[in-house]
Structure formats: C-alpha cells, structure tokens
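Q: I am new to this structure and would love a close look at one part of it. Could you take me through that part step by step, and then show me a little of what lies beyond it?

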Amino acid sequence: MARITLDHIRHAYGPNPVSDHDYALREVDHEWEDGGAYALLGPSGCGKTTLLNIISGLLHPSHGRILFDGKDVTDLSTEARNIAQVFQFPVIYDTMTVYDNLAFPLRNRGVPEPEIDRRVRDMLEIIDLSDWANRKAQRLTADQKQKISLGRGLVRNDVNAILFDEPLTVIDPHMKWVLRSQLKRLHKKFGFTMVYVTHDQTEALTFADKVVVMYEGEIVQIGTPAELFERPRHTFVGYFIGSPGMNVLPARLDGARAVVGNETLALDHAPVVAPGDKIEIGIRPEFIHLGREGMPVRINRVEDIGRHRIVRAEFEGQPIAIVSPENEDIPAEARITFDPGAVNIYANSWRVGAKV
Amino acid sequence: MEKTWNNKAWFLVLPVLLLVAFSAVIPLMTVVNYSVQDTFGNNEFFWAGTDWFSQILSSPRFWDALGRNLFFSLIILLIEIPLGIFIALNMPKHGIGVPVCLVLMALPLLIPWNVVGTIWQVFGRVDIGLLGHTLEALGIDYNYVRNPTDAWVTVILMDVWHWTSLVVLLCYAGLVSIPDAYYQAAKIDGASRWAVFRYIQLPKMKRVLLIAVLLRFMDSFMIYTEPFVVTGGGPGNSTTFLSIDLVKMAIGQFDLGPAAAMSIIYFLIILLMSWVFYTVMTSSDADA
C-alpha cells in the first residue's frame with residue numbers, strides 16, 4: 001500500500017520526440033493517495049494504458065519520476081515494485097490447475113506453503129471457483145479465465161498497488177456487477193491503492209472515489225464523480241461524462257453576461273478571460289428547463305428512455321440536448337431557461353470562473 | 001436436425017480422388033502385387049504368398065537396418081528439437097534482425113537433398129574438404145569413409161545442419177503468436193525465465209512442436225539421399241538404413257518381391273510410429 005507520486009512524467013514511444021504530438025503521455029504530475037480507489041477514464045488512445053504500464057514498471061517513462069511513498073522507484077523492475085496488474089484479456093497458465101494459477105505469484109515470491117493454501121482457498125471462495133480448484137485452467141470460459149486473472153492479482157494482498165486495465169471487458173454484464181462489488185469490498189478490507197482503467201463512465205463513477213479523466217495524453221481532471229458532473233474543468237470532461245454529455249455552445253462574454261447568438265444569459269459572476277480566447281458556455285442537459293418561458297428553441301426529436309426523456313433541439317442554430325422529466329408535457333412553442341448556477345464558462349476549452 | 005445428402009459434392013472431390021489414386025493408391029497396390037509374387041522377368045509371375053514377408057522379417061539384415069534407423073531418428077530428435085527451440089527462443093522478435101534471421105534459417109531448407117549430400121561429402125573429405133582437412137591438420141583422426149563413428153557423426157551433423165531450421169521456423173511461428181500480455185503478466189507474477197518458458201512458451205509451442213516432431217521423425221526415418229551420397233551406406237553396412245537397403249535390394253539385386261514386401265513393412269512401421277507419436281502427444285489435450 002503506497003502513495004503514488006507521478007513527478008512530471010512524459011512518455012513517447014518513438015525514439016526522438018520533437019513536438020507534443022510525439023508523446024503518448026504529454027505531462028502527468030500528480031499525487032495519488034495511499035489506499036485510494038482511482039479510475040482512469042478516457043477514450044481509446046488517450047494514454048491510460050501507457051500511464052498504467054509506467055506505474056507498474058512495464059514501461060520506463062521518457063521523462064519524469066515515479067515515487068511510492070516518497071521513494072523513487074523509476075528504475076526499479078516490476079517485480080521490485082511489488083505491484084499487481086490485471087490485463088484486459090485473461091492471461092492464464094494453461095497447463096496449471098486453477099489452484100496453481102492462483103498460487104503461482106505467491107510461490108514465485110517464496111511465501112510458505114500453508115500461507116499460500118490459506119490465501120488461495122480464500123480467493124477461490126471470493127471468485128467463486130472453489131469447485132474448480134483442481135481443474136486444468138485451459139478449458140474454462142472467458143469469464144472464469146478472467147476471474148483467475150483477477151484472483152492472481154488480488155491473492156497478493158500485501159502489494160503496493162493493484163492496477164486493473166479494463167479487466168471486465170470480456171465479462172458478461174451480470175457478472176460485471178458481481179465482480180465490481182466484490183472488488184470494492186476487497187478494497188475496503190485490504191486498503192490497497194487501486195487504479196482502474198476503463199472507458200466506461202458508469203464503471204468509473206460507481207467504482208472509484210476519485211475519477212481521473214484523461215484526454216490526448218493529459219490528465220484533464222481528477223475529481224469525485226459529483227465534481228466531474230457539476231464542474232467539468234475541460235469541455236472534454238463535460239462531453240465525456242454524463243449521458244447525454246454537456247452542451248457546449250460558442251459564446252461571447254460581456255461582463256457578467258454571456259451572449260449566445262441573439263440571446264443573453266446573466267451569470268452569477270464576471271469571468272476573467274484574456275482577449276482572443278475561444279469562449280464557450282457549458283450547460284448540462286439536466287440543468288435546462290423546458291417550458292413556456294425563456295429562450296425559444298426548435299425541437300427536432302424526443303427520445304423516451306424510460307425515467308426521463310431526452311429532447312434534441314436547436315438553440316440559436318446550435319444543437320442542444322435537454323433532459324425533461326417523464327410527466328411534463330412539451331409545449332409546441334417551446335422555450336428554455338438555464339439553471340444560473342449550472343452554467344460553466346470555458347476559455348480555450350478550459351473552465352474559468354469563481355468556483356473551482 | 002435432419003441432414004440432406006447432396007451427392008453432387010462427390011464431383012468436387014473427384015479430381016483429387018483421381019490424383020491420389022494415380023499417385024498413391026495404384027503404385028501402392030502395384031507394390032502389394034509384387035510382394036506376394038515371384039518373377040524372373042519376362043512379365044511372368046508366380047504366386048509366393050507371404051514367403052517374402054517371412055523372409056524379410058526373419059532376416060538379420062532387415063532388423064539391423066531398422067535398428068540403425070530408429071537410433072538415427074532418436075538422435076536426430078534429441079538434437080534438433082531442443083536445439084531448434086533454443087535458437088527460436090533467441091531469435092529477435094522486432095526490427096531488421098527478423099528478416100535476416102528468417103532468411104538465414106530458410107537457406108538450408110532451400111537446398112536439394114542430393115546437393116546437401118554432395119556439399120558434406122566434399123566438406124568432410126580428408127584430402128580437400130574444409131572440415132576433414134582441418135581436423136586432420138589439428139591431429140584429430142577423422143575419416144568418414146573408413147571409420148563408422150565418423151560416418152555417423154557426419155551424417156547426423158549434416159541432417160542437423162539441413163533440418164534444424166525447420167524446427168526453428170515452426171517454433172518461432174508459435175512464439176510470435178504469444179500476446180505481450182502473457183510476458184507482462186509473468187513479470188507481474190514474478191516468474192523466473194525458466195517459469196516463463198515452462199508455463200507460457202512451451203505450452204503455446206506445443207502444437208507446432210507436435211508437427212515438428214512428426215515431420216522430423218518421418219523424414220529422418222525415411223532418410224536416403226544424403227547418406228547415399230556421402231557414405232553410400234558404408235563403411236561396411238554401418239550407415240545402411242532401411243531405404244538404402246531397399247534400393248540395393250530392388251535396383252541392385254533386382255529382387256522385386258522381397259523389396260516390395262520390405263516397402264510395405266517399412267510403410268506400416270512409419271504409419272504406426274506416426275500414429276503413436278500423434279496419439280501420445282495429443283492425449284494430454286484431452287484430459288481436463
């Protein structure tokens with residue numbers, strides 16, 4: 001269990017990186033708390049797996065240092081870092097039994113056999129494979145194989161951190177819930193630092209204390225699910241988190257007012273921006289009220305998804321999504337109002353404003 | 001579910017059937033025909049029954065040759081399989097080294113058998129051969145024409161040189177198909193180099209190794225050209241393998257009947273041994 005410090009990490013796969021585009025990781029400089037559950041969230045190719053492999057030591061960063069509890073581990077091997085990692089696709093040792101698969105990392109570290117037996121049996125219980133202990137691992141289903149991979153990581157409960165690289169991709173949906181809640185329980189019990197890579201926002205939001213959103217090789221925001229939802233630091237976070245994502249509309253600032261097309265919105269503060277910045281406002285579909293008062297919109301489409309409806313409309317020539325409660329009717333001459341506190345202002349895609 | 005029988009499909013396999021019939025079945029039947037008859041030329045045949053078979057099976061000449069064959073195949077497998085695995089493990093997986101190694105490995109395989117024989121025949125000669133002459137100059141007594149051990153060493157070296165590449169290429173193909181995640185997981189699990197080989201690489205190579213063992217067994221068991229060119233079966237009978245003996249009998253002595261009987265026995269042995277190899281090596285797959 002360790003506090004993980006990422007000290008100005010940059011990584012390029014090519015030999016001679018010149019511009020920012022050559023870097024898979026542009027710059028990561030953060031400290032992750034001991035015993036925290038972090039989810040690394042972002043689209044494919046944003047550098048999540050690169051960052052994970054740098055933490056585990058499978059990759060050596062081009063620049064920067066990694067510290068566990070303040071101790072520099074940048075040049076240490078994976079083994080010396082005492083890290084467990086679970087990969088996207090199941091890795092099992094075909095010729096071994098399920099039991100031996102789980103015992104393998106412990107035996108390699110010279111754990112005494114009675115201790116191995118106790119831990120492996122516990123873990124078999126947790127992943128629900130006790131009845132399969134003496135079967136060859138080769139013929140199991142993908143689900144079972146991935147449970148073995150998870151078990152091989154979790155059986156070492158004295159590790160500095162456990163890293164998960166989209167481990168539930170191959171698991172069927174029901175089993176996903178079961179495994180995820182078991183992971184949470186284990187995390188509470190053992191208190192290891194946990195880093196969980198995913199591109200599934202539901203998974204990230206339900207799983208982690210802190211969600212780390214990555215975009216184009218950078219960490220754009222680290223926050224609790226509520227922070228990510230209410231105050232996205234970057235328009236990408238607004239767009240990526242939430243379903244549908246945040247509406248981002250080009251705008252102009254006029255003191256404590258924002259102008260979108262012909263409409264003017266009153267803000268609760270006067271944002272400070274540099275002249276020439278690209279200004280946008282961000283408003284979540286949940287914080288737009290559809291009714292007979294406010295600014296006119298043209299409704300294109302209504303999607304009923306059960307608990308509420310998503311109204312796709314056009315506002316000042318821009319597409320906009322609105323979440324409307326199930327029982328409210330949608331007037332023909334629809335108008336909208338924005339929750340004043342829910343409007344975020346972005347300059348060059350980064351959030352500006354009084355509240356952080 | 002009810003199956004519909006479509007007899008038109010037979011027409012599609014007909015060309016292959018004909019080809020196999022002319023290239024394998026008919027010649028084989030001809031041999032069977034010879035093996036139960038006696039002839040003195042003139043296209044006259046006399047029924048001989050199983051006489052030739054019992055004659056072959058009771059002749060020490062046959063058993064000696066069979067013994068040499070088995071010993072040769074055993075040595076070949078014991079050298080080429082581990083050596084092939086070892087080379088494949090050490091071949092580069094990325095970069096310019098890959099095509100270079102592959103071409104180097106493929107070179108011996110591209111050389112015809114009789115040329116390989118000729119190369120080694122010259123290479124080993126004591127008067128002008130690079131190997132033979134060098135050994136002679138170093139004071140090592142080496143002469144594959146006179147010394148049976150030297151003849152064996154030469155034939156085995158030649159086969160290893162010629163065919164280890166096949167094992168290497170097959171193993172290499174098995175190795176490169178292993179996803180990186182396996183090696184990464186092994187690092188995370190703290191596996192030693194030996195454990196990586198034992199639990200990841202070897203199981204993943206199992207299928208290609210089976211093919212390699214089968215091919216090398218069958219080929220080495222049927223070896224003819226190279227020892228024929230290099231030693232001609234000698235000195236004495238020390239490198240006279242079944243195939244060489246067979247040709248001596250059929251062409252040299254024109255004993256068609258015994259030769260045909262021997263071919264059939266030879267064929268059945270290879271068939272049986274291959275089946276045994278295959279069954280033994282795939283049986284571990286079945287238990288689960």
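**A close look at chain B and its partner**

A: Let's begin with chain B, whose secondary structure comes to 12 helices and 2 strands. Please keep in mind that this is a predicted model. If you follow chain B from its N terminus, the elements run α-β-β-α-α-α-α-α-α-α-α-α-α-α. In other words, one helix comes before the two strands, and the remaining elements of chain B are helices. Taken along the principal axes, the box filled by the C-alpha atoms of chain B is roughly 80 × 75 × 30 Å.

Now pick out two of these helices, α3 (residues 60-90) and α11 (residues 242-252) of chain B. Their axes come within 8 Å and cross at roughly 145°. On the α3(B) side, the contact is made by B:Arg61, B:Phe62, B:Ala65, B:Leu66 and B:Asn69. Facing them from α11(B) are B:Leu242, B:Asp245, B:Lys248 and B:Met249. Sorted by class, the residues of this contact comprise 5 nonpolar, 1 polar and 3 charged.

Next, look at where chain B meets chain A. Here 20 residues of chain B are in contact with 26 residues of chain A. Between them the two chains bury about 1900 Å², and carbon and sulfur atoms give 57% of that area. The interface also holds 2 salt bridges. One of the salt bridges pairs A:Asp94 with B:Lys204, with 3.4 Å between the closest N and O atoms. Polar contacts can be counted here as well: 7 residue pairs across the interface make them, both residues being at pLDDT 80 or more.

Which parts of chain B form its side of this meeting place? Three helices, α8 (180-188), α9 (193-221) and α12 (256-286), each supply at least two residues. Of the elements of chain B, α8(B) gives the most, with 7 residues. The side of chain B that touches chain A has 12 nonpolar, 2 polar and 6 charged residues.

Having reached chain A, you can find an open sheet of 3 strands there, ordered β12-β13-β14 and paired antiparallel. The strands β12 (252-254) and β14 (263-266) of chain A are at the edges with a single partner each, so one side of each has no neighbour in the sheet. On average, neighbouring strands of this sheet are turned by 30° against each other, direction ignored. Strand β13 (residues 257-260) of chain A is joined to β14(A) by 4 bridges. For an example of residues paired in this way, find A:Val260, whose bridge partner in β14(A) is A:Glu263.

Another open sheet of 3 strands in chain A has the order β16-β21-β17, again with antiparallel pairing. Its edge strands, β16 (288-291) and β17 (295-296) of chain A, each pair on one side only. Between β16(A) and strand β21 (residues 335-338) of chain A there are 4 bridges, and A:Gly291 stands opposite A:Arg335 in β21(A).

Let's finish with salt bridges, of which there are 25 over all chains. Within chain A, A:Arg121 forms one with A:Asp117, the closest N and O atoms lying 3.4 Å apart. Both residues sit in helix α4 (residues 113-126) of chain A, and because they are 4 residues apart there, about one helical turn separates them.

Terms used
Residues are numbered from 1 along each chain as its sequence is written. Chains are lettered from A and ligands numbered from 1 in the order in which they are written. This is a predicted model: local features need pLDDT of at least 70, side-chain atom pairs count only at pLDDT 80 or more; totals for chains, interfaces and linings use all residues. Side-chain values use heavy atoms; hydrogens and water are left out. Contact means heavy atoms within 4.5 Å. Buried area is the accessible area (1.4 Å probe) that two parts lose on being put together, summed over both. A salt bridge is a side-chain nitrogen of Lys or Arg within 4 Å of a carboxyl oxygen of Asp or Glu. A polar contact is a pair of N or O atoms within 3.5 Å; within protein, one must be able to donate a hydrogen and the other to accept it, and residues adjacent in sequence count only if both atoms are side-chain atoms. Ala, Val, Leu, Ile, Met, Phe, Trp, Tyr, Cys and Pro count as nonpolar, Asp, Glu, Lys and Arg as charged, and the others, Gly among them, as polar. Two strands pair if DSSP finds at least two bridges between them. Axes are lines fitted to C-alpha atoms, for helices over the stretch in contact, and angles run from 0 to 180 degrees between N-to-C directions.
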